[in-house]
Amino acid sequence: MTVKTKVDSYVKVEKHYKHDKPYYLIKLFAKNPDEGRLGTYKHFPLRYETFNKMTADTYAYKVGKCLDIPVVQWM
């Protein structure tokens, strides 16, 4: 019987540009240490896009709270 290891996850707000105007995407990232030696991260776009940073941060916070995972700030 194989014991599954913990999967580390987090939510991230990413800033992008469309027609020289910034917009924000919320993505869910998950790390599975069973894949490869160091583990790999996969991202899952939540198909939520907004031009308002405060709205994006609020949405990311709610997703993180529901899934009980941290929210990482973009740089």
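These legends walk through close-up views of a predicted model. Local features need pLDDT of at least 70 and side-chain atom pairs count only at pLDDT 80 or more, while totals for chains, interfaces and linings use all residues. Residues are numbered from 1 along each chain as its sequence is written, and side-chain values use heavy atoms, with hydrogens and water left out.

**View A. Glu14 meets Lys27 across two strands.** Here the side chains of Lys27 and Glu14 form a salt bridge at 3.0 Å, N to O (a side-chain nitrogen of Lys or Arg within 4 Å of a carboxyl oxygen of Asp or Glu). Lys27 sits in strand S2 (residues 21-32) and Glu14 in strand S1, 13 residues apart; strands are DSSP runs of E with at least two residues, and helices are runs of H or I with at least four, numbered from the N terminus. Glu14 has a relative accessible area of 14% and so is buried, and Lys27 is buried too at 13% (buried is under 20%, exposed over 50%, partly exposed in between; 1.4 Å probe, protein chains only).

**View B. Glu49 pairs with Lys18.** Their side chains make a salt bridge of 2.9 Å, N to O. This one links strand S3 (residues 40-50), home of Glu49, to Lys18 in strand S1, 31 residues apart. Glu49 is partly exposed at 40%, as is Lys18 at 34%.

**View C. A salt bridge within helix H1 joins Asp57 and Lys53.** The closest N and O atoms are 2.6 Å apart. The two residues lie four apart, about one turn of the helix.

**View D. Asp68 lies in a loop.** Look between helix H1 (53-67) and strand S4 (71-72) to find Asp68, which is exposed at 71% relative accessibility.
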